Each structure stands twice: as C-alpha cells, then as structure tokens.
Amino acid sequence: MNGCWDGPIPEPQVRTIEDMRDVLADPDCTSDQPLYFMYRDLARSRSDREWLRQHHIRYDITVIPARVLCGEYVKTKGHYHPRNAAGEYYPEVYEVLKGRGHYLLQTCTADDVVMIEASIGEKVLIPPGYGHVTINPGREELVMANLVSSDFSSDYGPYIEKRGAAYYEMEGGALVKNPRYPDAPPVRCCDPVEVPEIGIRRGCGLYDLVGQPRLVAFLNRPEEFMGVMAGALRRVPQRGRR
C-alpha cells in the first residue's frame, strides 16, 4: 500500500492458503504466509465516502505479493457478478497501481477465455457476463484498485465448483488447462483498452472518478452503456502476450 494510497487504511481482509485451496492447481499445496490482502470500501475523506455511498459505488485496493505456490503464480480466488434489476450483469474496472497483473477473464460457460496483461496506470474493464481472476506473474508486489457497484456480493461458487478458472498460470508463464473445462477454447490475449466515455483512460486514476456520477453510472446501469463497453476485449494482433 505504501505510496499507492494516501487515505485512511482499514484492517484488510486476508486470503490464506486454506481460503484458496479449492481453486489451486495443486490443492495439497501448503503455505504459512498470507496470499493476498483486500482493503475494502476506501475513501480519502468523509465527503468522498458519503458520495460513494449515495452512488452505490465501492473503491477497493488489493495487494498481491509475488509468490509461487507449488509451481503456480499466486492469484485471486475468482468470482462472477450477478445481474442487476434490469437483467444485465454488473461490470467492474481495475487499475494497476504497482507491479504487473494478468487478468484472466471467462464467460459463465467458459466459451470465451481472455488474458489481459496490465502494468502501472493501465485499466482493465471487466465487461458484463465475465468472471475474473487476477494473477501476479511478476517478481514484485502487485497493487491494484477497483471500482465496482456496492449493490451486490460476488459469486465465488462456480470457481470453487470447478476448482479454479479454465486455466492455471504456472511459473514461467505456461497456461495449463483445467481438466474440468474440457470444452474451453485456447486463451486469447487482449490489451487494456481506453474507454474515455466512462473515464477509462491513461492519466486518469480510478479514484479521480469519485465525484463524477456520469462517468461511474455504467457500474450500476450497464444496460445503458453496452455499446461503449463492447470493445473492451479487443484481441492483440499477432504478437500475443507482452
């Protein structure tokens, strides 16, 4: 968190190996160290907190130390979002504050699996209908922020049921297919995208969107922004992952 957040810091929620065992490539792996830390519902001031509450938005920071667990890069547990009252799935947006992250997205049926690599200052939009896991493939700590609707709870069940995402990323970058997804296609690689219409652009931090209701409206009313978000998963031409 040092250098990435200048507001009050609450006690984090901590994921341990026991929390993660159900989604690891090797469920028998052991570790006596915390795997990652989640600082939820952050605000720099009382007025910001009230604004976030009134607009049903949450700003979080997650810290993922560089670590390898029995050959697999450390990662988040993975979750999906439910539908809102209009019947559309909630989206989410991430920003890398430190380090480098691999964002592994997949549809509910895993008929589309996407890897997005992002570094400092880049944003990753999780479009409606995609679950996601974040992986730290680097040798330094990954610190990332997210903005998301506060009106729902994430659904971890499908990832637990299938023992993780469709692929595990192993040390060195190899992607190993999870046998519980026999029909999952190969991973396609996409770049982080800029979507200026909803404030996703370089030079604009996610927290800069606090106080700008027009730019965060897509988080609670995605059905009004589907066209804007349609290009979020643009394939990387030829060169594959960076």
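Me: Let's call a salt bridge a side-chain nitrogen of Lys or Arg within 4 Å of a carboxyl oxygen of Asp or Glu. How many salt bridges does the structure hold?

Reply: Bear in mind that this is a predicted model, where local features need pLDDT of at least 70, side-chain atom pairs count only at pLDDT 80 or more, and totals for chains, interfaces and linings use all residues. Residues are numbered from 1 along each chain as its sequence is written, and side-chain values use heavy atoms, with hydrogens and water left out. On that footing, the number of salt bridges in the structure is 13.

Me: Which residue pairs with Glu117 in a salt bridge?

Reply: Glu117 sits in strand E8 (113-119), and its partner is in strand E7 (100-107), 17 residues apart; strands (E, at least two residues) are DSSP runs, like helices (H or I, at least four), numbered from the N terminus. Glu117 is buried at 8% relative accessible area, with buried meaning under 20%, exposed over 50% and partly exposed in between (1.4 Å probe, protein chains only). The partner, with N to O at 3.3 Å, is Arg100.

Me: Is Arg100 buried or partly exposed?

Reply: Its mate Glu117 is buried, at 8%. Arg100 has a relative accessibility of 31%, so it counts as partly exposed.

Me: What is the N to O distance between Asp60 and Arg40?

Reply: Asp60 is in strand E3 (57-64) and Arg40 is in the loop between strand E2 (36-39) and helix H2 (46-54), so this pair ties together parts 20 residues apart in sequence. Asp60 is buried at 0% relative accessibility, whereas Arg40 is partly exposed at 25%. Their salt bridge has an N to O distance of 3.7 Å.

Me: Which residue joins Arg40 and Asp60 in a network of salt bridges?

Reply: Arg40 and Asp60 already meet in a salt bridge with each other. The network also takes in Arg58.

Me: How far apart are the closest N and O atoms of Arg53 and Glu50?

Reply: Both residues belong to helix H2, three residues apart, which means about one helical turn lies between them. Arg53 is exposed at 54%, and Glu50 is partly exposed at 31%. Their closest N and O atoms are apart by 2.5 Å.

Me: And zooming out, what radius of gyration does the chain have?

Reply: The chain has five helices and 14 strands, and 55% of its 242 residues are buried. Taken over C-alpha atoms, the globule rule is 2.2 Å times the number of residues to the power 0.38. For 242 residues a compact globule would come out near 18 Å, which agrees with the chain's 17 Å.
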